[in-house]
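I am opening this notebook to record what I looked up, one topic at a time. The entries follow the order in which I went through the structure.

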Amino acid sequence: MTDTALFSPHTIRSVTIRNRIWVTPLCQYSVDLEDGVPTDWHLVHLGSFARGGAGLVMTEATGVSAVGRISAEDTGIYTDEQRDAWARIVGFLHSQGAAAGIQLAHAGRKASVHREWGPDDGTRPIAEGGWQSVAPSAIAFEGYDTPAQLSRDGVADIVTEFTDAARRSVEAGFDVVEIHAAHGYLIHQFLSPLSNARDDEYGGSLENRARLLLEVVASVRVAVGNAVPVFVRFSATDWAVGGWDQEQTAIVAGWAKDAGADLFDLSSGGLIDGVSIPVEPGYQVPFAEFVRREASVEVNAVGLITDAVQANEIIESGKADAVMMGRELMRDPHFPLRAAHQLGVPIDYWPPQYRRARWR
Ligand SMILES: Cc1cc2nc3c(=O)[nH]c(=O)nc-3n(C[C@H](O)[C@H](O)[C@H](O)COP(=O)(O)O)c2cc1C
């Protein structure tokens with residue numbers, strides 16, 4: 001045990017996570033055969049964070065359906081073959097003492113794109129192996145193809161897809177399931193008035209725009225049982241007048257908690273292009289702090305958290321229950337081991353194979 005907040009364990013439902021440094025979802029666009037099956041790249045990429053001492057290792061945005069993938073190189077968890085490949089990776093994460101989380105995602109109108117280093121950086125036309133995207137309304141993301149509006153049955157199918165994906169996630173051994181409701185992807189498209197122009201019970205009022213998320217949370221909770229923590233990633237704001245904002249986020253987080261969610265992962269943006277975002281170290285921490293206070297829920301902060309002292313202060317001061325980190329962990333997957341040394345925390349999960357390299 002330690003007095004240092006960043007390295008104190010955290011228990012949610014049946015899962016105890018060894019510290020508060022968690023790996024944020026990081027798309028790798030590295031599936032070989034367009035079958036959504038994670039590869040050795042994913043094993044090494046995620047495995048290195050577990051070896052490096054992270055508490056929770058979260059997968060990339062993982063498609064709940066083929067249509068819901070961002071690119072054809074995304075991983076999925078809509079087949080048993082995908083589940084079984086994830087199980088191998090989860091086994092390795094567990095062998096290193098990390099908890100394993102999976103981010104379940106549907107890209108909605110932002111689906112069917114070429115990966116960043118592909119032939120071009122745009123959407124992937126149907127003729128080039130792309131597909132028709134779907135959304136709450138036939139409103140395109142700037143520069144993307146126009147999505148097809150989901151029918152009522154189509155919305156019900158989305159709930160089923162998230163539910164089946166959650167069941168397969170537990171079968172694969174994942175400890176945590178995160179529902180991706182951020183970054184302008186499908187559930188966020190329902191939440192924001194800027195992308196949802198429906199006139200049925202899934203559009204209009206806040207209750208209606210939140211309905212899909214709440215149905216997904218409630219159904220996923222039943223599928224995973226009582227032991228498994230369910231997280232929701234929100235974009236706390238669209239950074240645009242008339243859009244989604246932190247007040248709506250806090251209200252809906254409270255409703256989602258009642259529906260069975262345990263922790264909220266507070267990011268921002270992604271719904272519309274060309275907005276101005278005041279990016280600076282820890283710039284999204286105030287959203288985590290706001291939602292934690294207003295909705296009385298557990299949260300994690302994310303976004304330009306790159307330093308052990310900075311991360312520890314966020315936890316110690318009660319702004320968040322954990323931090324997620326991405327780019328700093330990609331630069332140094334052993335950041336948690338290094339941070340423990342820097343903060344003078346004795347940890348017992350230094351990999352024995354690497355003991356001779358231990359900072360003293
Ligand atoms: C390469 C890369 C891939 C990402 N993929 C995802 C993703 O799959 N799901 C998601 O919610 N956010 C994704 N993000 C956003 C990160 O999870 C994170 O919120 C963002 O990078 C800010 O954290 P950082 O400053 O610690 O990197 C990605 C970011 C990067 C750099």
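Entry one, a pair of helices. I looked up which residues join α6 to α7 in this predicted model, and I found that Gln246, Thr249, Ala250, Ala253, Gly254 and Lys257 on the α6 side meet Phe287, Phe290, Val291, Glu294 and Ala295 on the α7 side. Sorting this contact of α6 with α7 by class, I noted six nonpolar, three polar and two charged residues.

I then turned to the geometry, since two packed helices are described by the angle between their axes and by the distance between those axes. For helix α6, which covers residues 246-259, and helix α7, which covers residues 285-295, I wrote down an angle of about 50° and a separation of 9 Å between the axes. α6 is therefore oblique to α7, and I added that the crossing of the two is right-handed.

Entry two, another pair. I looked up helix α1, residues 40-51, against α2, and here the packing angle is about 20°, with the axes 9 Å apart. Because angles under 35 degrees count as roughly parallel, I entered α1 as roughly parallel to α2. The handedness of the crossing between α1 and α2 is right-handed. On the α1 side the contact is made by His42, Leu43, Leu46, Gly47 and Ala50, while α2 brings Arg88, Ile89, Phe92 and Leu93. By class, I listed six nonpolar, two polar and one charged residues for the contact of α1 with α2.

Entry three, a single residue. I picked Asp84, which has its place in helix α2, residues 80-95, and asked myself: is Asp84 buried, partly exposed or exposed? I found 13 other C-beta atoms within 10 Å, so Asp84 is partly exposed, given that a residue is called exposed at 12 or fewer and buried at 20 or more. I also looked up how Asp84 lies relative to Phe141, and I noted that their C-alpha atoms are separated by 34 Å, the two residues being 57 residues apart along the chain.

Entry four, the ligand. Which residues come nearest to the ligand? Of the 20 residues around the ligand, I noted Thr24, Pro25, Ala61, Gly326 and Arg327 as those that come nearest. The elements that give two or more residues to this shell are β4, residues 56-63, and α9, residues 327-331. Counting the shell around the ligand by class, I recorded nine nonpolar, seven polar and four charged residues.

Note on methods: Residues numbered from 1 in each chain as written. Predicted model: local features only at pLDDT ≥ 70, side-chain atom pairs only at ≥ 80, totals over all residues. Near = placed C-beta within 6 Å. Helix = DSSP H or I, 4+ residues; strand = E, 2+ residues; numbered from the N terminus. Nonpolar A, V, L, I, M, F, W, Y, C, P; charged D, E, K, R; others polar. Axes fitted to C-alpha atoms, helices over the stretch in contact; angles between N-to-C directions. Parallel < 35°, antiparallel > 145°, perpendicular 65-115°, else oblique. Left-handed = near helix turned anticlockwise from the far one by under 90°. Contact = placed C-beta atoms within 7 Å.
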